[in-house]
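Dear colleague,

I am handing over the structure we spoke of, and I would be grateful if you could keep it open while reading the notes underneath.

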Amino acid sequence: MERAVLLRSISGTTSRVCTRLFSSKVCNFTAKRHRSVLNTRRRSLLLQHLRLISTSPSSVHLNRPFCPLAPRAIATSAPQFSPDVSDAPEKLGFEKVSEEFIEECKSKAVLYKHKKTGAEVMSVSNDDENKVFGVVFRTPPKDSTGIPHILEHSVLCGSRKYPLKEPFVELLKGSLNTFLNAFTYPDRTCYPVASTNAKDFYNLVDVYLDAVFFPKCVEDFQTFQQEGWHYELNDPSEDITYKGVVFNEMKGVYSQPDNILGRSSQQAVFPDNTYGVDSGGDPLVIPKLTFDEFKEFHRKFYHPSNARIWFYGDDDPIERLRILSEYLDMFDASSAASESIIKPQKLFTKPVRIIEKYPAAEGGELKKKHMVCLNWLISDKPLDLETELALGFLDHLLLGTPASPLRKILLESSLGEAIVGGGVEDELLQPQFSIGLKGVSEEDIQKVEDLVMDTLKSLAETGFDTEAVEASMNTIEFSLRENNTGSFPRGLALMLRSMGKWIYDMDPFEPLKYQKPLMALKARIAEEGSKAVFAPLIEKFILNNPHRVTIEMQPDPEKASRDEADEKEILDKLKASMTEADLAELTRATQELRLKQETPDTPEALKSVPSLSLEDIPKKPIEIPIEIGDINGVKVLRHDLFTNDVLYSEVVFDMSSLKQELLPLVPLFCQSLMEMGTKDMDFVQLNQLIGRKTGGISVYPFTSSVRGKVDPCSHIIVRGKAMSGRTEDMFNLINRIIQDVQFTDQKRFKQFVSQSKARMENRLRGGGHGIASARMGAKLNVAGWISEQMGGVSYLEFLQSLEEKIDNNWDEISSSLEEIRKCLFSKEGCLINLTADGENLTKSEKYVAGFLDSLPKSSLATSESWNARLPLTSEAIVIPTQVNYVGKAANLYETGYEFKGSAYVISKHISNTWLWDRVRVSGGAYGGFCNFDTHSGIFSFLSYRDPNLLKTLDVYDGTGDFLRELEMDNDALTKAIIGTIGDVDSYQLPDAKGYSSLTRYLLGIKEEERQKRREEILSTRLSDFKEFAEVIDAVKDKGVVVAVASPDDVENANKERPDFFEIKKAL
């Protein structure tokens, strides 16, 4: 998954894919690289395109300070294509299977087969500098020991050519990669990399090829123990525990109700094939996996005969084959391809119902915490592309926007708090459809099921509004044309899309070509009407389909403690059966493993990993074109960039005059703007109009500290995008949204509160590190306090209180929403940001002028002073969980530290070495990392899905000594610098470049400062690390601690360190 998504994706996704997690970002994003694990639900990238546009406010922007340096990675040389030698592939051992020009992505795609092994290679050539490589194996598990997932971690822990502990980490340290990761799906494992630098790209490719085909882990039992599971005993007098990165990570997954529901649904829908088990691993089953089974799985499936290999970008297509031939020629053909075939699930003859329990907090209204989800297996075989596209279209019509009828009716029923189920999901062999609600009362379970069925029957009978169909079609076409994959490389998005067919021995070209089937679908809708197209799909695949599985999830406040007790009983019995000699041997093995984990690689081993030199790194940051002008007295920033005829706009309003007590209402205010109607349009009509005329509009708050200033930067941003010919429509719609929306729909507002509360509760369980980070920020500065009021525990408490007040205090709440509008939206303090090519920027000016003229000249608000913070106490936020999220932070600027660019290099190195080795590798957490917000001065440590609590804090406190004792040769220092530049110069698409330039402008970051910081990064010396040791001791001595943790771990911590934590129950 993408580089900077931990807060966004781990807490909110429902993806089935497991990814490999790591923190590497040195800028101020709370940003992590994923290594391995998030085994939830994932929709295909084609269908993801259909839901790219969100019109609801995003909490992503609440606490995401901005990295002030350069915006993208750089190719150091132009691609050098080999001469067109038609027999070159043949000489290298490949036969051409087919070749096509893919108009949709302006690419020449050639499918090859390696003659000796049968490995298949898709070589996609175009002018995209962000080059992508991936190797994918079919890896169907037979049980829930998590073997594909543990192997996905382990192969990246050293190989034949790169015999060090973790080449993956060395690549993180010293590469310009734009993507470096690995994914475990229910039936396949993917190893993708990307870079804009050709030399760097081929380095990454070679390390990954050696890792998957010749890993050390199949000969190294300790790697299996570290990444998978092992018994740990530090002293014969202590209790035995389970440890292992995957084991603890999956305990975190199995602590989240939504994840448990997703897994239960998948396994119940597919009871008879490989999808009926958990490829990520069930913590109850993982300890049954043996090392011999682990080795055999690699021998059987990690073979070229079972591989699909992808190249994409502007590099030499013959060089790709040359690199591959060096590896593939070492193998003979095997039977792996036939042994890994995924067998289809046969359709049921009658529906099935399953009841499961999930861990819930004690107290509260447990009767209203049930979940129910209806799941259908759509077909017993893969569908043709036109049917798939029609189902994706239907999925968007049913659920894609707040105005979509199935989504709207379920949420307006007041039978539950939020939607569960992913709609249509088609990334596996057979597609499914899932929908339900959570936050349901026990007595309303059947009502939810009936409502789903009745709504679908009604839609099959009456069809969809013409406006809804038009809006969906425009949204889909806009998304496909824009091809905006964010920081996720476009080539990787295409790879995953292609793989959805290719992995099942179907045509890998077909998923890339959507134009003809889309035009055919449009023509059919125009000719026959939408009802004739979609009603048969609803009837055949859902209403008349007996393969329906209803999952009911019941809250169980004792489940978490019962699971812990069961695990302890197993381990106690094991210990009781062991002799003194056995216990001494286990203690010795534990110490031996820890010693290996904490012993650095030799300089010789480290030198084996290829890297760039500082001469490969540009000395200047990449400048984004910006022209600062004025339209009708309002400042306008213009960014002249090629955007394929799309205009991206941000309208920025000052939030600093808002009353302090209104801040928690801001996220709900933003949602109300998008999801309540105007005087002459209900919200459905407004939503459809946005879909028909634009590529999407969103409204959200943006808050950050500003270095050198007391007052924070705080704004409301209205973001929109449209084809240039729709610019006038877009600004007219933005005007309607901010000025005409009526805050009068009490029932809908109550839904917003319930949905927000459900989201926050889910965040607490799955993204506790983000909650801890926000809480620490609220204790350390004003900007942090503001963000926490709008997206942390304080916000959850506000929502819980507000939910009880809506019925009796609606007039007051409605008036407060109106007061926020009058305070925010005026020309005074407004700023416009535009990104498009020069011609479209010029054309947009008259529409911007008209929009600005329609705004009030000034707001009624007076200046407010926000000077609040939470008490500087260490706090434990207690939730039902099997893992913890541990944070500690302090403000370094308050110690007198003056920021230098070397701090980026140092903080990245701390994450990649000290915290990686001690918190993750030795400690068993899924992730450990640090962040330095250079705007506020807050340096924070955080862990993710961590079995420890106080031990992790001890690691944080040892960071200063680690830096004092640190020895680095020039190679290691160069890697650290280059890796930092790779993060600073992260690859961006045009809209992100324009947005980055805007945020730099808001935070007062000049080009001169960016150049200065870059020079400081490039000139970092070992002495800078030693000097920073004294600075970072402030976190040890004065830092505040916040942990999101289990009740038992907090209780034990307070016994060991009396009254260390103040306890707050959040669920």
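What follows is a description of two sheets, a further set of paired strands, several helices and two loop residues.

Please bear in mind throughout that this is a predicted model.

I begin with the sheet that contains β13. Its 5 strands follow the order β13-β17-β14-β16-β15, and together they make an open sheet in which the pairing is mixed. The edges are taken by β13 (352–359) and β15 (418–425), each of which pairs on one side only, and from one strand to the next the twist averages 15°. At the β13 edge, β13 and β17 (residues 548–556) run parallel and are joined by 8 bridges, with V352 of β13 standing opposite V549 in β17. Two helices lie across this sheet. Helix α9 (residues 257–269) lies across β13, β14 (370–377), β15, β16 (432–440) and β17, and its direction is at about 150° to that of β17. Helix α14 (residues 405–412), for its part, lies across β15 and β16, running at about 20° to β16.

The other open sheet has 6 strands in the order β26-β27-β25-β28-β24-β29, again with mixed pairing. Because β26 (927–933) and β29 (1062–1065) stand at the edges with a single partner strand each, one side of each is left without a neighbour in the sheet. Here, too, the twist averages 15° from one strand to the next. The partner of β29 is β24 (residues 875–878), and these strands run parallel and are joined by 4 bridges; within that pairing, K1065 in β29 is the bridge partner of V878. Helix α32 packs on this sheet, where it touches β25 (885–891), β27 (938–944) and β28 (1040–1045), and its direction makes about 30° with that of β25.

The same helix α32 (residues 950–957) also meets helix α31 (residues 902–922): their axes come within 10 Å and cross at roughly 160°. Since angles over 145 degrees count as roughly antiparallel, α31 is roughly antiparallel to α32. The crossing of this pair is right-handed. On the α31 side the contact is made by W914, L915, R918 and V919, and on the α32 side by T952, V955 and Y956; by class, these residues divide into 5 nonpolar, 1 polar and 1 charged.

A second helix pair, α16 (residues 466–482) and α24 (residues 683–693), has axes that come within 7 Å and cross at roughly 40°, which makes α16 oblique to α24. This crossing is left-handed. The residues that meet are E467, A468, E470, A471, N474 and T475 in α16 and Q688, G691, R692 and K693 in α24, and the contact of α16 with α24 has 2 nonpolar, 4 polar and 4 charged residues.

Two elements are of interest for their burial. In helix α4 (residues 147–154), 8 of the 8 residues are buried, so the helix is largely enclosed by the rest of the structure; the buried residues are I147, P148, H149, I150, L151, E152, H153 and S154. Strand β20 (residues 646–654) is mostly covered, with 8 of its 9 residues buried. That strand pairs with β22 and with β23. With β22 (residues 713–723), β20 runs antiparallel and is joined by 9 bridges, L647 having A722 in β22 as its bridge partner. With β23 (residues 831–836), the pairing of β20 is likewise antiparallel, over 5 bridges, and S649 stands opposite L834 in β23.

Finally, two loop residues deserve a look at the backbone. As you know, most residues other than glycine have a negative phi. D505, however, has a phi near 65°, a positive value in a residue other than glycine, and its place is in the loop between α17 (490–502) and α18 (515–528). N644 likewise has a positive phi, near 60°, and is found in the loop between β19 (634–640) and β20. At 32% relative accessibility, N644 counts as partly exposed.

With best wishes

Terms used: Residues numbered from 1 in each chain as written. Predicted model: local features only at pLDDT ≥ 70, side-chain atom pairs only at ≥ 80, totals over all residues. Heavy atoms only, no water. Axes fitted to C-alpha atoms, helices over the stretch in contact; angles between N-to-C directions. Parallel < 35°, antiparallel > 145°, perpendicular 65-115°, else oblique. Left-handed = near helix turned anticlockwise from the far one by under 90°. Contact = heavy atoms within 4.5 Å. Nonpolar A, V, L, I, M, F, W, Y, C, P; charged D, E, K, R; others polar. Pairing = 2+ DSSP bridges. Buried < 20%, exposed > 50% of the residue type's maximum accessible area, 1.4 Å probe, protein only.
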